[in-house]
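Visitor: I would like a close look at a single part of this model, and then to see what lies around it. Could you take me through it step by step?

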Amino acid sequence: MPHSREEVIAAVRTAFPRSDASEILTLLEQYGAEPYERERERVQLAIVNLSEGDEDKLRYFLSVAKQDYRDVLFWSENPEEAKIDTPEKKERVRKMLEKLGLKPPSGLSDA
C-alpha cells in the first residue's frame, strides 16, 4: 500500500513534537530527490520511525537510506529480525556452527 505525504507530515509531528516540523521535513526531503531513491514516503516514514524523535538519529538514518534505502526499511519494518545481537540469535548461530564442527567466535559463547 503506497504511503502519502500526509502520513509523513503526521509522523514527523508525532515523533518531533518540540521541533519545527518544516525543518524536519526539509531534512527528509533529501531522500527521494534522486531518481534512483525509490519509495520516497515509505522510506521517509521508516527514517522517522527509526529516529525516535532524535534529530541526530534522523540524520544518520537519512544518510543510510541515501546509500541503500532497503536497510532502513528492513530495520523499521522488521525490528526483531534487525536485532542481530539478541541472545536467541547468538544461541542459534552458535548451535549451527557447532553442528558444522566449527568453533564459535568468542562473542557467541556468551549466549
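Guide: Happy to. Let's begin with Arg-70, which sits in helix α5. Please keep in mind that this is a predicted model. Arg-70 counts as exposed because its relative accessibility is 53%, and the cut-off for that label is over 50%. Now look across to Val-43: the two residues are 27 apart in sequence, while their C-alpha atoms are 8.4 Å apart in space.

Val-43 takes us inside. It is among the residues with the most contacts in the largest nonpolar core, alongside Val-12, Leu-28, Ile-47, Leu-58 and Val-72. That core has 24 residues. Helices α1 (5-15), α2 (21-28), α3 (40-51), α4 (55-67) and α5 (69-77) each give at least two residues to this core, and the largest share, 6 residues, is from α3. For a view of the packing, try Ile-47: beyond its neighbours within four places in sequence, it is in contact with Leu-28, Tyr-31, Leu-58, Phe-61, Leu-62, Ala-65 and Val-72.

Phe-61, one of those partners, leads on to the aromatic rings. The whole structure holds 2 aromatic pairs. In one of them, Tyr-60 and Phe-61 meet edge-to-face, with 5.0 Å from centre to centre and 70 degrees between the planes. Tyr-60 is partly exposed at 46% relative accessible area, whereas Phe-61 is buried at 12%. Phe-61 also pairs with Trp-75: the ring centres are 6.0 Å apart and the planes are at 70 degrees, so this pair is edge-to-face too. It links distant parts of the chain, as Phe-61 belongs to helix α4 and Trp-75 to helix α5, 14 residues apart. Trp-75 is partly exposed, with 28% relative accessibility. Through these ring pairs, Tyr-60, Phe-61 and Trp-75 form a cluster.

Leu-58, another contact of Ile-47, points us to a further aromatic residue. Phe-16 lies in the loop between α1 and α2 and is buried, at 2% relative accessible area. Not counting residues up to four places away in sequence, Phe-16 touches Leu-58 as well as Ile-24, Val-48, Ser-51, Gly-53, Asp-54 and Glu-55. With Gly-53, the C-alpha to C-alpha distance is 5.0 Å across a separation of 37 residues in sequence.

To finish, let's return to the surface. Val-93, in helix α7 (residues 87-99), is partly exposed at 34% relative accessibility. Together with Met-96, Leu-100 and Leu-102, Val-93 makes up a nonpolar surface patch with about 380 Å² of accessible area.

Definitions and conventions. Residues are numbered from 1 along each chain as its sequence is written. This is a predicted model: local features need pLDDT of at least 70, side-chain atom pairs count only at pLDDT 80 or more; totals for chains, interfaces and linings use all residues. Side-chain values use heavy atoms; hydrogens and water are left out. Patches are made of residues with over 30% relative accessible area and no salt bridge: like charges are joined within 9 Å, nonpolar side chains (Val, Leu, Ile, Met, Phe, Trp, Tyr) within 5 Å. Accessible areas come from the Shrake-Rupley method with a 1.4 Å probe; for residues, only the protein chains shown count as cover. A salt bridge is a side-chain nitrogen of Lys or Arg within 4 Å of a carboxyl oxygen of Asp or Glu. Helices (H or I, at least four residues) and strands (E, at least two) are DSSP runs, numbered from the N terminus. Buried means under 20% relative accessible area, exposed over 50%, partly exposed in between (1.4 Å probe, protein chains only). A nonpolar core is a set of buried Ala, Val, Leu, Ile, Met, Phe, Trp, Tyr and Cys residues joined through side-chain atoms within 4.5 Å. Contact means heavy atoms within 4.5 Å. Rings of Phe, Tyr and Trp (its six-membered ring) pair if their centres lie within 6.5 Å; planes under 30 degrees apart count as stacked, over 60 as edge-to-face and the rest as tilted.
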